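Please load the model in a viewer and keep the selection panel at hand. The tour below proceeds by selection, from one group of residues to the next.

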Amino acid sequence: MNGVHSKTYRLEKPRRHEVQSWTRATKQSLCLMWQKVKIQLMLSMSFLVTVFWYCRRLYGFLAQLLKWWSDYLQRKLIKNRSVLAEVDLLGYSAREWKGETKQAKHMREAYNELFWNYHIKYLRQVKKDNYCVLRAVLFQILSQGIPFPSWMRERDILKLPEKLLYSQGCNWIQQYSFGPERYTGPNAFGKLRKCMETLKTNWIEISGTKDHEERGNLCNALFSDESKEHRLYEAIKFIMLYEVVEAYEQIKNREEPIPHLFSLLLARDTSSDPLSFMMNHLNSIGDSGCLDQVEIFLLGYLLEVKIRVYRLHRFNTEEFQVNYPDEYRREWNEISLLTEDDRYYHIPVIRT
């Protein structure tokens, strides 16, 4: 028996040695593999950390670039904007009318009157050029979402230049001048049609926008684009001319009575007929002249708005507050202007 056990013991000893060797080899292999994997993991982690760091830096750089570009566009938009944001009325008065001169005191009193008794708390400054009153009126019409006048909805205003040129034989509209551009010539008809298209397209789009903030953004963008702006004003000027031609034809043909404002306008020596009205008045608007009071009457009439004007230089007189036109319909919308000299106009903002 002892011999058998001794023999068995001798057989198991080399097997145990083989198992230990195999185990040792396996451990070593696993250790080597783990070392390689560990190195790969460390390299991968280092790569990922590096990529993350660079991505973070790139994100930060792009964010700064986007902010800079956004600020640049905002500054450019504000710089080009022809109707500025609201400012405090009394603060504006104090800045613009310093000192103790008679005129400065008069203006500050007028501004105080507006603030306390007319609930006008803010002011929107309007670019001072010879389109000023057209800009102030049209900006309010669009920003308030006032729709096309009823007569413009009934007719296609894009055809007004064609009607005036061909149907009524007014070939003298080739002498029409486009404000500071001072263009006259055979292409006047095509330029007028583009102006009418710009007016109609923008008016329909903006007045159809129900959200007040979005409508305000559209107006700010439009009134930061000088070329589009000028086309709007030239379209309004041409519609004024068209209305005068219509009224003049009615007077000649002794048709139905016309509003009194046309009698006032045609009674002037410088605008006794449509051609003289265009040559002596309309052509200079936007260039060297602006709208006279009788022309503001016409502007309110054709746009079907009551234009209430606060004339600060007429403070403490009956002419401090006037309406253009004085004959208006009850359903017309109302807009307000503020002027210190009957030449340049700003937009008063009422808060109750």
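Which residues do ring pairs link into a cluster? Select Tyr 118, Tyr 310, Phe 315 and Phe 320: ring pairs join these four residues into a cluster. The model is a predicted one, and every stop below should be read accordingly.

**The whole chain**

Show the entire protein as a cartoon before continuing. The protein contains 12 helices and 6 strands. Of its 352 residues, 41% count as buried. With a surface display switched on, the exposed area is about 21,000 Å², of which carbon and sulfur atoms supply 54%. Among contacts with a separation of 6 or more, 73% are between residues 24 or more positions apart.

**Strand β2 and its partners**

Select residues 120-126, which form strand β2. Of its 7 residues, 5 are buried, so the strand is largely enclosed by the rest of the structure. Now add residues 83-88, strand β1, which pairs with β2 in the antiparallel sense over 4 bridges. To locate this pairing, pick Glu 86, whose bridge partner in β2 is Arg 124. Then add residues 345-350, strand β6; β2 and β6 also pair in the antiparallel sense, over 4 bridges. Here the residues to pick are Ile 120 and its bridge partner in β6, Ile 350.

**Helix α6**

Select residues 160-167, helix α6, and colour Leu 160, Pro 161, Leu 164 and Leu 165, which are buried. Looking down the axis of α6, one finds these buried residues within an arc of 125°, so they line one face of the helix. The general geometry is helpful here: an α-helix has 3.6 residues a turn, so residues three or four places apart point the same way. On the face turned away from the buried side of α6, select the exposed residues Tyr 166 and Ser 167.

What do the buried residues of α6 pack against? Display α5 (150-154), α7 (188-207) and α9 (226-252), against which they pack. Before leaving this region, select Gly 169, which follows α6 and has a positive phi, near 65°.

**Aromatic pairs**

Return to the rings, of which the count comes to 14 aromatic pairs. Select Tyr 176 and Phe 178: their ring centres are 5.0 Å apart and their planes stand at 70°, so the pair is edge-to-face. Tyr 176 is buried, with a relative accessible area of 0%, and Phe 178 is buried as well, at 4%.

Next, select Phe 297 and Tyr 324. Their ring centres are 4.8 Å apart with the planes at 80°, so this pair is edge-to-face. Phe 297 belongs to helix α12 (residues 293-303) and Tyr 324 to strand β4 (residues 321-324), so the pair ties together parts that are 27 residues apart in sequence. Both Phe 297 and Tyr 324 are buried.

**Lys 306**

Keep Tyr 324 displayed and add Lys 306, with which Tyr 324 is in contact. Lys 306 is located in strand β3 (residues 305-311). Is this lysine buried or exposed? Lys 306 is buried, with a relative accessible area of 10%. Neighbours within four places in sequence aside, its contacts are Asn 323, Tyr 324, Tyr 328, Trp 332, Asn 333, Glu 334 and Ile 335.

**Ser 276**

Select residues 274-280, helix α11, and within it Ser 276. Ser 276 counts as buried, at 14% relative accessibility. Not counting residues up to four places away in sequence, Ser 276 touches Thr 270, Ser 271 and His 281.

**The cysteines**

For the last stop, display the cysteine side chains. How many disulfides does the structure hold? The structure holds 0 disulfides. Cys 290 is accordingly in no disulfide, and its nearest cysteine sulfur, that of Cys 132, is 8.3 Å away. A disulfide requires sulfur atoms within 2.5 Å. Cys 290 counts as buried at 18% relative accessibility, whereas Cys 55 is partly exposed, with a relative accessible area of 45%.

Terms used
Residues are numbered from 1 along each chain as its sequence is written. Side-chain values use heavy atoms; hydrogens and water are left out. Buried means under 20% relative accessible area, exposed over 50%, partly exposed in between (1.4 Å probe, protein chains only). Helices (H or I, at least four residues) and strands (E, at least two) are DSSP runs, numbered from the N terminus. Two strands pair if DSSP finds at least two bridges between them. Contact means heavy atoms within 4.5 Å. Accessible areas come from the Shrake-Rupley method with a 1.4 Å probe; for residues, only the protein chains shown count as cover. The arc is that of the directions from the helix axis to the C-beta atoms. Rings of Phe, Tyr and Trp (its six-membered ring) pair if their centres lie within 6.5 Å; planes under 30 degrees apart count as stacked, over 60 as edge-to-face and the rest as tilted.
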